[in-house]
Amino acid sequence: MVTGKRMKAEDRKALILEAAMAEYGRGGMHATSVEVIAERAGVSQPYIFRLFGTKTGLIAAAIEHHTTNLRRTFREAAEQRGPDTSPLEAMGTAYIALMTDDVNSLRCQLHTWAAASDPAIKEVAQRTYREIWEEIAELSGATADEVRDFMAHGMLLTVVASLDLTELYGDPLAVVKEF
């Protein structure tokens with residue numbers, strides 16, 4: 001629970017979304033508790049419902065928040081890459097770092113795709129996935145086949161990392177160098 005000095009509304013909202021992603025990654029749509037998220041973020045449940053309307057609205061906003069962070073990670077990686085590093089290699093390396101640092105965020109992605117039978121989640125899942133795909137294409141200048149291969153490797157890495165089975169993949173950094 002967060003206590004102490006008064007927070008700006010924007011910072012409090014970000015804290016709620018981070019708490020929602022942590023809980024959503026652990027248990028998925030149905031096991032995620034707004035009560036636990038509120039406690040973790042140091043706010044009341046009514047405050048969360050005032051901001052997001054419903055639990056589905058909160059999860060949809062958390063998915064958006066996650067996607068924004070992932071797109072920023074890819075953009076920064078592509079923009080800050082070295083002269084001998086392709087944009088796809090830089091973005092792939094950044095994704096591997098994310099995988100290592102925050103495997104829970106990968107589980108959130110898997111829960112999002114699994115929850116896509118809910119129309120509200122399906123809409124945000126489709127839109128945000130498309131945004132990631134299009135941004136990778138734009139940042140890299142890669143062909144459609146290259147983007148598809150990159151996304152396929154990313155999906156496989158997401159699954160094996162979520163299961164703590166990355167040894168099945170081999171050395172992801174070696175594969176990234178092929179991009």
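Start by selecting Thr 56: leaving aside its neighbours within four places in sequence, this residue touches Met 29, Asp 118, Ala 120 and Ile 121. What you have open is a predicted model, so every stop below is a stop in a prediction. Thr 56 belongs to helix 4. Now add Arg 72 to the selection and draw a C-alpha to C-alpha distance. How far apart in space are Thr 56 and Arg 72? They are 24 Å apart, with a separation of 16 residues in sequence.

**Helix 4 against helix 5**

Keep helix 4 (55–79) on screen and bring up helix 5 (87–101) beside it. Their axes lie 8 Å apart, and the two helices pack at an angle of about 135°. An angle of that kind counts as neither roughly perpendicular nor roughly antiparallel, so helix 4 and helix 5 are oblique to each other. Is their crossing left-handed or right-handed? Helix 4 and helix 5 make a right-handed crossing.

To see the contact itself, show side chains. On helix 4, pick Leu 70, Thr 73, Phe 74, Ala 77 and Ala 78; on helix 5, pick Pro 87, Ala 90, Met 91, Ala 94, Tyr 95 and Leu 98. Colour them by class and you will find 10 nonpolar residues, 1 polar residue and no charged ones.

**On to helix 6**

Stay with helix 5 and add helix 6 (103–114). Here the axes come within 5 Å and cross at roughly 100°. Helix 5 and helix 6 are therefore roughly perpendicular to each other, as the range for that term runs from 65 to 115 degrees. Select Tyr 95, Leu 98, Met 99 and Asp 101 in helix 5, which meet Val 103, Ser 105, Leu 106 and Gln 109 in helix 6. By class, this contact holds 5 nonpolar, 2 polar and 1 charged residues. You may recognise Tyr 95 and Leu 98, since both also take part in the contact with helix 4.

**Helix 1 across helix 6**

Now hide helix 5 and show helix 1 (9–31). The axes of helix 1 and helix 6 cross at roughly 65° and come within 8 Å. The crossing of this pair is left-handed. Which residues make the contact? From helix 1, select Met 21, Ala 22, Tyr 24, Gly 25, Arg 26, Gly 27 and Gly 28; from helix 6, select Asn 104, Arg 107, Cys 108, His 111 and Thr 112. Its make-up by class is 4 nonpolar, 6 polar and 2 charged residues.

**The largest pocket**

Leave helix 1 and helix 6 displayed and turn on a surface. The largest pocket has a volume of about 240 Å³. Of its 14 lining residues, the closest to the centre are Glu 18, Met 21, His 66, Asp 102 and Ser 105, so these make good picks for centring the view. Met 21 is also part of the contact between helix 1 and helix 6. Bring helix 4 back, too: helix 1, helix 4 and helix 6 each supply at least two residues of the lining, and helix 4 has the largest share, with 5 residues. The lining as a whole has 5 nonpolar, 6 polar and 3 charged residues.

**The largest cavity**

For the last stop, clip into the interior. How many cavities of 30 Å³ or more does a search of the whole structure find? The search finds 1, and about 330 Å³ of space lies in it. To centre on it, select Leu 70, Tyr 95, Gln 109, Tyr 129 and Ile 132, the closest to its centre among the 28 lining residues.

Next, colour the elements around it. Those giving two or more residues to the lining are helix 4, helix 5, helix 6, helix 7 (119–140), helix 8 (144–162) and helix 9 (172–176). Helix 8 gives the most, with 7 residues. By class, the lining has 19 nonpolar and 9 polar residues, and no charged ones.

Note on methods: Residues are numbered from 1 along each chain as its sequence is written. This is a predicted model: local features need pLDDT of at least 70, side-chain atom pairs count only at pLDDT 80 or more; totals for chains, interfaces and linings use all residues. Side-chain values use heavy atoms; hydrogens and water are left out. On a 1 Å grid over the protein atoms alone, a cavity is a set of points where a 1.4 Å probe fits but cannot get out, and a pocket is an open set with protein on both sides within 12 Å along at least five of seven lines; lining residues have an atom within 4 Å of a point. Grid points are joined across faces, edges and corners, and a volume is the space filled by probe spheres set on the points. Helices (H or I, at least four residues) and strands (E, at least two) are DSSP runs, numbered from the N terminus. Ala, Val, Leu, Ile, Met, Phe, Trp, Tyr, Cys and Pro count as nonpolar, Asp, Glu, Lys and Arg as charged, and the others, Gly among them, as polar. Axes are lines fitted to C-alpha atoms, for helices over the stretch in contact, and angles run from 0 to 180 degrees between N-to-C directions. Angles under 35 degrees count as roughly parallel, over 145 as roughly antiparallel, 65 to 115 as roughly perpendicular and the rest as oblique. A crossing is left-handed if the near helix is turned anticlockwise from the far one by less than a right angle, and right-handed if clockwise. Contact means heavy atoms within 4.5 Å.
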